[in-house]
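Visitor: I'm new to this one. Can you walk me through it?
Guide: Happy to. Let's put it up.

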Amino acid sequence: MPAYVKTCLRLLGATLLIVLIARQVELTELADVFASARWDGLLWSLATIMAVRLLMAWRLQLIGREFSVDTSYHASFAMLSTSSLAGFALPGGIAQDLVRGWQLNAFARDVRKALSIVLLDKYFGIIAILPIGVLALVFVGELIPPLVGWLLVVALLGSLLATAVAKRLGTRLIARFHPPAKLAQLIEVIGDNISPSASFVRLYGLSLVVQTLRCVAFIALFYAYSAGIAPLLAFVYVPVLVIVIIAPISLGGLGVREGLLLAMFLPLGADAERLVMIGFSHMIIELLSSLPGVWYAVRGIPDADAQAAAAESTSEAASS
C-alpha cells in the first residue's frame with residue numbers, strides 16, 4: 001500500500017475518533033473547563049513529564065552502552081527530544097523510531113545495532129508498565145470494565161511468554177515462520193540481550209520509575225480538572241493507553257487518549273468534558289516537553305559530527 005494512502009487512512013482514523021468524541025461532549029463547555037483548571041496541577045503534570053524525559057534519556061544512554069555505543073547524556077537527551085517531537089507526525093511511534101534509529105546510527109555506524117537499541121528501549125518501557133497495571137487491578141479492578149483487566153493480564157502474560165520463547169527458541173522461530181523484519185529483529189534482540197544481570201536490573205528499575213511517573217502525571221491532571229477519579233485508576237489507564245496507542249490509528253495519539261478516558265471513566269460518573277480536556281492537556285504537555293527537540297533539530301545532535309569523523313578516521317587508518 002502506498003505511503004500516502006496509509007497516511008490518508010490514519011488521518012481518517014484520527015478524524016473519526018475526534019467526531020465520535022465530539023458527540024459525547026458539549027464543545028462549547030471545553031473552554032470553561034480549561035479556564036477552571038488548577039494551574040498547580042497542570043504544572044505538576046508538566047514537571048513530571050519533563051522528569052520522565054530526563055530519565056528516558058539516561059535509559060537510552062545506558063542501553064547504548066550495552067551495545068558499545070557510548071554517547072554523552074547530552075546527546076542522548078537531544079536524540080530523545082527530537083525523536084519524541086517527530087512522534088507527533090506519524091502514528092504508532094513510527095516517526096519516533098525512525099528518527100531515533102537514524103540518529104543512533106551516527107554514533108553506532110551500524111544500522112542493526114542502532115535498531116537494536118531502539119527496540120530494546122521500547123521493550124523495557126512495555127515490560128515495566130504492564131506489571132504496574134496488573135498490580136493496580138488488585139486494588140481498583142472492580143471499578144473498570146472486565147475487558148480492560150483481561151487486556152492487561154493477557155498482555156503481561158504474552159510479554160513474559162515472548163521473552164521466554166525468544167531466549168530459548170528465537171533463532172528457530174525466525175527460521176521457521178519468517179516473521180516481519182522488525183519483529184524478527186526484536187526476537188533476536190531479546191534473545192541476545194535479556195538475561196538476569198546487574199544491567200538488566202538497573203534498566204528495569206529505571207523503567208519502573210519512568211512508567212510510575214507517567215501515571216503520576218495523569219493523577220496531576222485528574223486533580224487539575226477536579227475529575228473525581230480515584231488516583232489509583234491512573235495506574236490502570238496508562239498501561240492500557242501504552243498498549244492501545246501502539247496501533248497506527250491516529251496521529252500523535254490524538255483521539256486515542258480521549259476516547260480511552262471516556263470509555264473507562266464515563267461509566268464511573270466522570271464528566272465527559274473534563275475527561276476530554278485531560279486528554280488534550282496531556283497531549284499538549286507531551287508536546288511542550290518535546291520542544292527542546294526544535295533546538296537540536298536546528299543545531300544538530302551534540303557530538304554526532306565528532307563521532308562520525310572519528311569513525312571515518314578509524315576506517316581510513318584500517319584501510320591504509
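Visitor: Which loop does Ser226 lie in?
Guide: Ser226 sits in the loop that joins H9 to helix H10 (234–245). Keep in mind that this is a predicted model.

Visitor: What is the phi of Ser226?
Guide: About 45°, so to say on the positive side, and Ser226 is not a glycine. For background, most residues other than glycine have a negative phi.

Visitor: Is Ser226 buried or partly exposed?
Guide: Ser226 counts as partly exposed, because its relative accessibility is 41% and that class runs from 20% to 50%.

Visitor: What other residue has a positive phi without being a glycine?
Guide: Arg109 is one, with a phi of about 55°.

Visitor: Where does Arg109 lie?
Guide: In the loop between H5 and helix H6 (111–140). Arg109 is partly exposed too, with a relative accessible area of 45%.

Visitor: Let's zoom out. How many helices and strands are in the chain?
Guide: There are 14 helices and 0 strands. Read from the N terminus, the elements are α from start to end.

Visitor: And how much of the chain is buried?
Guide: Of its 320 residues, 46% count as buried. The chain exposes about 15,700 Å², and carbon and sulfur atoms supply 68% of that area.

Visitor: What share of the contacts comes from residues 24 or more positions apart?
Guide: They make up 75% of the contacts with a separation of 6 or more.

Visitor: New topic: rings. How many aromatic pairs does the structure hold?
Guide: It holds 9. One of them is Tyr123 with Phe124.

Visitor: Why is the pair of Tyr123 and Phe124 called edge-to-face?
Guide: Their planes stand at 75°, and an angle over 60 degrees counts as edge-to-face. The ring centres are 5.8 Å apart.

Visitor: Are Tyr123 and Phe124 buried or exposed?
Guide: Tyr123 is buried, with a relative accessible area of 9%. Phe124 is buried as well, at 1%. The cut-off for buried is under 20%.

Visitor: Which residues form an aromatic cluster with those two?
Guide: Phe200 and Tyr204 join Tyr123 and Phe124 in one cluster.

Visitor: How is the pair of Phe222 and Phe265 arranged?
Guide: Edge-to-face, with 5.9 Å from centre to centre and 80° between the planes. This pair links distant parts of the chain: Phe222 is in helix H9, Phe265 is in helix H11 (residues 256–265), and they are 43 residues apart. Both are buried.

Visitor: Staying with H9, what does Val216 touch?
Guide: Val216 lies in that helix, residues 198–224. Leaving out residues up to four places away in sequence, Val216 touches Trp44 and Thr48.

Visitor: How far is Val216 from Phe235?
Guide: They are 19 residues apart in sequence and 8.3 Å apart in space, C-alpha to C-alpha.

Visitor: Last stop, pockets. What is the volume of the second largest pocket?
Guide: About 260 Å³. It is lined by 16 residues, and the closest to its centre are Trp102, Gln103, Tyr296, Gly300 and Ile301.

Visitor: Which elements give two or more residues to the lining of that pocket?
Guide: Helices H4 (73–86), H5 (94–108), H13 (292–299) and H14 (304–319). H5 gives the most, with 5 residues.

Visitor: And what is the lining like by class?
Guide: The lining has 11 nonpolar, 4 polar and 1 charged residues.

Key
Residues are numbered from 1 along each chain as its sequence is written. This is a predicted model: local features need pLDDT of at least 70, side-chain atom pairs count only at pLDDT 80 or more; totals for chains, interfaces and linings use all residues. Side-chain values use heavy atoms; hydrogens and water are left out. On a 1 Å grid over the protein atoms alone, a cavity is a set of points where a 1.4 Å probe fits but cannot get out, and a pocket is an open set with protein on both sides within 12 Å along at least five of seven lines; lining residues have an atom within 4 Å of a point. Grid points are joined across faces, edges and corners, and a volume is the space filled by probe spheres set on the points. Helices (H or I, at least four residues) and strands (E, at least two) are DSSP runs, numbered from the N terminus. Ala, Val, Leu, Ile, Met, Phe, Trp, Tyr, Cys and Pro count as nonpolar, Asp, Glu, Lys and Arg as charged, and the others, Gly among them, as polar. Buried means under 20% relative accessible area, exposed over 50%, partly exposed in between (1.4 Å probe, protein chains only). Contact means heavy atoms within 4.5 Å. Accessible areas come from the Shrake-Rupley method with a 1.4 Å probe; for residues, only the protein chains shown count as cover. Rings of Phe, Tyr and Trp (its six-membered ring) pair if their centres lie within 6.5 Å; planes under 30 degrees apart count as stacked, over 60 as edge-to-face and the rest as tilted.
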